[in-house]
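Student: I'd like a close look at one part of this structure, please. Start with a single side-chain pairing and work outward to what surrounds it.

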Amino acid sequence: GINAADDAAATQLREVGRELDVPVYQPDLYPGGATTTAMENIAATAPLSNYVEKRIAQQGAAQAAMQRKLAATGVTPADAHQVLQDAAQTSLTARKALAGQSYDEVSRLASTASVDTASLQQTIGTALQRAESAALPDSALVGKLTQMRDWLSTPRTFDELRELRSDIGGLLRDAKQGTGALVGDRSTRFLGQAKDAVERDLRAFATADTAPAGLNNAWKQADTFYREQVVPFKNPENRTVINALTNQVEGDAKLNALLRQRGSATGRLGQLESMLDDVQHGTQGRAAAQTLFLDEAIAKATNAEGAFSPTKFATYLDAHQGVVNTFFDPAEMGRIQQFMGRIGPNIGNAVANPPTGRQLLASSQIVAPAALGASIAGPVGALVGGGAGALAGPLASSLLTSNVGGGLYRGVGRAMGGVREAAPVAIGQAIARPGSAAMQGEA
């Protein structure tokens with residue numbers, strides 16, 4: 001029967017239909033049941049009903065609605081990859097610049113005071129001793145460690161040690177990638193130890209009780225920002241995101257793969273979103289991600305002849321919840337998914353099963369109420385059984401698609417205490433007149 005829950009779902013469906021400018025019909029609003037199925041079969045196969053044409057128009061309207069949503073992002077599919085890459089690059093540059101400014105403030109507060117580098121000197125000394133005593137000493141590594149030891153023989157400021165940390169970081173990155181003079185596990189290990197020692201000495205200086213006023217808080221803020229906003233995008237496990245946004249040759253393909261990720265997981269998608277968050281208004285990074293996703297979703301839901309399947313579109317959204325939840329309003333997209341999933345099967349049934357010559361002949365010669373009258377009691381069945389079978393299609397179509405027919409159907413469903421599968425005389429009387437108000441409009 002038709003109950004409050006049915007009405008609430010139907011109300012939401014109508015609202016989404018109005019928002020999208022897509023018509024909705026009785027079987028969309030209150031699906032299921034032998035009556036509705038029987039009426040749809042007759043409406044879809046009988047002459048003069050135009051039911052299939054209405055469903056085809058509904059299908060086109062749904063496709064147009066999603067095309068409008070795609071256009072509303074403001075970024076074309078042709079430009080989306082470049083916009084997304086530019087947005088992320090801007091974000092990375094901005095993050096690094098902000099981190100630099102934070103540490104500049106720390107350096108200003110630290111002034112020219114010398115930093116105690118005892119921990120760093122001990123680490124460099126131990127590494128140098130081991131490098132020199134190796135069975136096959138690496139001359140490049142020994143030379144670089146010696147250079148650091150000698151440089152540390154003079155008192156150094158906070159700012160100078162920051163520069164040393166950056167230099168060691170560059171050497172370490174090159175060693176890991178095998179692109180610098182220092183290569184191999186030994187170089188990577190010793191350079192990593194040296195970098196950690198620099199950070200320990202800097203932290204000890206900044207957080208000491210004797211540190212200049214404000215230095216401790218400034219260091220913590222700078223350290224937190226760098227750790228949370230820069231480091232995550234330098235880690236090896238995040239290279240998929242970084243490569244997708246910095247590699248012009250492979251970037252597009254990697255971005256496509258990222259934005260077509262199936263399932264509800266948002267790990268790397270969240271990393272990408274985070275990179276776009278602080279620049280999305282200026283570079284439309286989020287809009288570009290929406291464009292790439294919607295363009296693919298529409299393409300997957302459109303066949304070679306250009307026919308759009310709302311069902312396939314809804315299925316695509318459901319299969320890519322991680323992307324939807326990351327870059328869209330989940331509630332809005334959920335309503336669209338439900339709407340497309342509701343109208344899709346009904347469109348598919350009508351469009352995929354057009355009337356054949358035999359069906360047309362049969363529908364125009366209905367003489368037994370069993371075909372329609374058993375499902376729709378009263379005058380409609382009487383009309384059919386009485387030889388007015390040519391009206392069966394238009395009458396069934398009107399009941400399914402008109403405002404008045406739909407209203408009567410819903411009213412009867414409630415009035416009969418949950419008996420949705422019957423329609424009394426009033427329905428037939430209201431829709432039996434071709435050209436009447438009941439024959440027009442949307443359910």
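Tutor: Happy to. Begin with T73 and T291, whose side chains make a polar contact at 2.6 Å. A polar contact here is a pair of N or O atoms within 3.5 Å; within protein, one must be able to donate a hydrogen and the other to accept it, and residues adjacent in sequence count only if both atoms are side-chain atoms. Please keep in mind that this is a predicted model, in which local features need pLDDT of at least 70 and side-chain atom pairs count only at pLDDT 80 or more, while totals for chains, interfaces and linings use all residues. Residues are numbered from 1 along each chain as its sequence is written, and side-chain values use heavy atoms, with hydrogens and water left out.

Where does T73 sit? Its place is in the loop between α4 (51-71) and α5; helices (H or I, at least four residues) and strands (E, at least two) are DSSP runs, numbered from the N terminus. T73 has a relative accessible area of 10%, so it is buried. Buried means under 20% relative accessible area, exposed over 50% and partly exposed in between, with a 1.4 Å probe and protein chains only. Leaving aside neighbours within four places in sequence, T73 is in contact (heavy atoms within 4.5 Å) with Q284, A287, Q290, T291 and L294. One of these partners is a long way off along the chain: T73 and A287 are 214 residues apart in sequence, yet their C-alpha atoms are 5.2 Å apart in space.

Now follow the partner side to helix α15, residues 285-300. What length should α15 have? At 1.5 Å a residue, its 16 residues should span 22 Å, and its end C-alpha atoms are 23 Å apart, which agrees. The expected span is 1.5 Å times one less than the number of residues. Helix α15 is mostly covered, with 13 of its 16 residues buried.

Back on the other side, K69 has its place in helix α4. This lysine is buried, with a relative accessible area of 19%. Beyond its neighbours within four places in sequence, K69 is in contact with L294, E332, M333 and I336. L294 is also among the contacts of T73.

What lies around this region? The largest nonpolar core has 51 residues, and those with the most contacts inside it are M66, L259, F313, F327, F339 and M340. A nonpolar core is a set of buried Ala, Val, Leu, Ile, Met, Phe, Trp, Tyr and Cys residues joined through side-chain atoms within 4.5 Å. Helix α15 gives the most to this core, contributing eight residues. A second, separate core of 35 residues includes L120, A127, V142 and A218. In soluble globular proteins, nonpolar side chains tend to be buried together. To see one member of the first core in detail, take M66: not counting residues up to four places away in sequence, M66 touches L20, I298, F308, F313, I336 and M340.

The second core brings us to A218, which is among the buried residues of α10, together with L215, W219, A222, D223 and V230. Seen down the axis of α10, its buried residues fall within an arc of 125 degrees, so they line one face of the helix; the arc is that of the directions from the helix axis to the C-beta atoms. On the other side of α10, N217 and Q221 are exposed. The cover over the buried residues of α10 includes α5 (77-110), α8 (158-177) and α9 (185-207).

Finally, step back to the whole chain. There are 23 helices and zero strands, and 44% of the 443 residues count as buried. The pairing of T73 with A287 fits a wider count: among contacts between residues at least 6 apart in sequence, 76% join residues at least 24 apart. Another long-range pair is L29 and R342, 313 residues apart along the chain, with C-alpha atoms separated by 8.1 Å. L29 lies in helix α2 (residues 26-29) and is buried, with a relative accessible area of 2%.
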